[in-house]
Amino acid sequence: MSNLPRREFLAAAGLAAAAAAAIASKDAAAGDPSFLNNVPDEVLDGAELPTFKFALEKSEGKVIGGSSGKEATVVQLPVSKGIAGVSMRLEPGAMREMHWHATAAEWAFVIEGRVRTTVVDPEGGAETNDFDPGDVWYFPRGHGHMLECLGDSPCHFILIFDNGYFSEFGTFSVTDWIGHVPKALLAKNFGLPESAFDDFPRGEVYFARGAKPPEGPAAPLQGWKPPALTHRYELLKRPPHRTFKGGREWRVDSTSFPIAKTITAVVLDLEPGALRELHWHPTADEWQYVIDGDVEVGMFGSHGRYRAERLAKGDVGYIPQGYGHSIENVGDAPARLLIGFNTGIYATIDLSQWIAGNPPDVLATNFGKPAALFEKFPRKDVFIAPAGEAE
Ligand code: MN
Ligand code: MN
């Protein structure tokens with residue numbers, strides 16, 4: 001570099017920066033946000049940690065009739081750059097219209113009611129699935145889909161997107177598109193007279209309303225051509241992944257649900273006083289939604305920075321990749337959280353596991369305490385500590 005004239009050096013540096021940015025965006029697009037962790041983040045660079053809580057269910061969102069969508073993106077919660085989330089409710093007969101997401105995959109967990117989805121993939125596959133509470137879906141980025149309420153009761157589900165900049169209100173909806181294409185072009189596209197497109201919606205419908213869907217799904221126009229990988233996973237109908245004295249955890253990642261290559265999630269139950277111990281995730285950001293209960297989330301961000309936030313039912317929390325954290329049930333009732341990660345493979349390092357992986361002399365030197373003290377520490381991963389263990 002030293003023999004390059006200054007102007008050429010600057011041009012070369014600019015190209016290198018552009019190339020690095022291209023690599024960063026390519027990696028992020030491929031669902032691996034780890035590269036971006038090397039780029040300074042002004043939201044996290046202050047003397048104090050920023051808030052990592054947003055009262056999602058208290059927000060207004062978008063309401064049409066008896067259906068609504070409330071979102072948490074970087075606009076509502078600036079720290080949440082890696083993951084966005086939505087709480088959506090559909091009234092009976094309502095449909096979240098056919099759409100796709102240009103910049104995010106969609107993962108969902110049904111809390112209440114029943115939902116039917118259809119989704120098409122680039123291989124020509126189409127799948128229709130029905131979901132009960134506790135079931136999960138995953139749609140890869142860009143795959144066209146719709147969601148509709150089944151039966152006579154409203155439904156409620158949580159959507160998780162692997163991109164914090166993604167807005168549910170900026171999706172590519174079928175009515176928005178068809179409503180803005182000249183009729184002559186539509187007629188040519190479908191081999192139909194222009195009059196076939198008279199009185200189509202002129203803008204985005206978003207929540208469509210019509211007759212209640214049939215109890216069993218009807219065949220698509222082209223007949224059935226199932227996709228190679230299913231988009232549906234029954235999470236809570238299975239036994240928990242791990243159980244402890246103070247709680248339990250259900251987990252689903254791409255090892256059990258192969259299509260879900262960019263999003264992993266857990267349902268975490270904590271008994272009153274129980275603690276999901278101090279830990280961090282080496283490969284993913286964490287997005288939390290409190291289904292029930294009151295918890296305190298503590299976050300450690302290096303440079304002596306520690307911040308605790310109280311999350312109640314309907315609140316969202318966010319922990320950036322690699323940041324230390326814990327979750328404690330501080331209420332009188334059991335707590336349940338839905339936690340999403342922007343990775344296809346779950347990974348965690350728990351503090352008790354880290355301590356247990358070191359010899360007593362190392363711990364003695366590190367903390368300046370007698371080695372005998374560390375003989376009393378757990379010799380395994382605690383993961384969830386029950387209430388009442390502390391003196
Ligand atoms: Mn969607
Ligand atoms: Mn965690």
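## A strand pair at the sheet edge

Asp135 stands opposite Glu234, a residue of strand 14, in what is a predicted model. The two strands concerned are strand 9, which covers residues 135-139, and strand 14; they run antiparallel and are joined by 3 bridges.

This pair belongs to an open sheet of 7 strands, whose order is 2-3-4-11-6-9-14 and whose pairing is antiparallel. Strand 2 (62-64) and strand 14 (232-234) stand at the edges, and because each has a single partner strand, one side of each is left without a neighbour in the sheet. From one strand to the next, the twist averages 20°. In general, strands of a sheet pair through backbone hydrogen bonds, and they may do so in a parallel or an antiparallel way.

## The manganese ion of ligand 1

Which residues hold the manganese ion that is ligand 1? Its protein donors are His99, His101 and His145, each through NE2, together with Glu106 through OE, and they lie 2.0 to 2.2 Å from the ion. Along the sequence, these donor residues are spaced H-x1-H-x4-E-x38-H. His99 lies in strand 5 (residues 94-100) whereas His145 lies in strand 10 (residues 145-150), so the pair ties together parts of the chain that are 46 residues apart in sequence.

Are these two histidines buried or exposed? His99 is buried, with a relative accessible area of 2%, and His145 is likewise buried, with a relative accessible area of 2%.

## The manganese ion of ligand 2

The manganese ion that is ligand 2 is coordinated at 2.0 to 2.2 Å by His279 (NE2), His281 (NE2), Glu286 (OE) and His325 (NE2). The donors of this ion follow the spacing H-x1-H-x4-E-x38-H along the chain, which is also the spacing given for the donors of ligand 1. Two of the residues that coordinate ligand 2 can be described further: His279 counts as buried at 4% relative accessibility, and Glu286 counts as buried at 2%.

## The nonpolar cores

The largest nonpolar core has 52 residues, and those with the most contacts inside it are Trp107, Trp287 and Leu338. This core draws at least three residues from each of two domains, namely domain 1 (53-233) and domain 2 (240-385). When its neighbours within four places in sequence are left aside, Trp287 is in contact with a set of residues that includes Ala72, Ile83, Ile158 and Ile160, as well as Val316, Tyr318, Leu338 and Ile339.

A second core, separate from the largest one, has 22 residues, among them Phe131, Phe139, Phe157 and Phe161.

Definitions and conventions: Residues are numbered from 1 along each chain as its sequence is written. Chains are lettered from A and ligands numbered from 1 in the order in which they are written. This is a predicted model: local features need pLDDT of at least 70, side-chain atom pairs count only at pLDDT 80 or more; totals for chains, interfaces and linings use all residues. Side-chain values use heavy atoms; hydrogens and water are left out. Donors are N, O and S atoms within 2.8 Å of the metal (3.2 Å for Na, K and Ca); water is not among the atoms, so sites may look incomplete. Helices (H or I, at least four residues) and strands (E, at least two) are DSSP runs, numbered from the N terminus. Buried means under 20% relative accessible area, exposed over 50%, partly exposed in between (1.4 Å probe, protein chains only). A nonpolar core is a set of buried Ala, Val, Leu, Ile, Met, Phe, Trp, Tyr and Cys residues joined through side-chain atoms within 4.5 Å. Domain bounds come from an automatic or database domain assignment. Contact means heavy atoms within 4.5 Å. Two strands pair if DSSP finds at least two bridges between them. Axes are lines fitted to C-alpha atoms, for helices over the stretch in contact, and angles run from 0 to 180 degrees between N-to-C directions.
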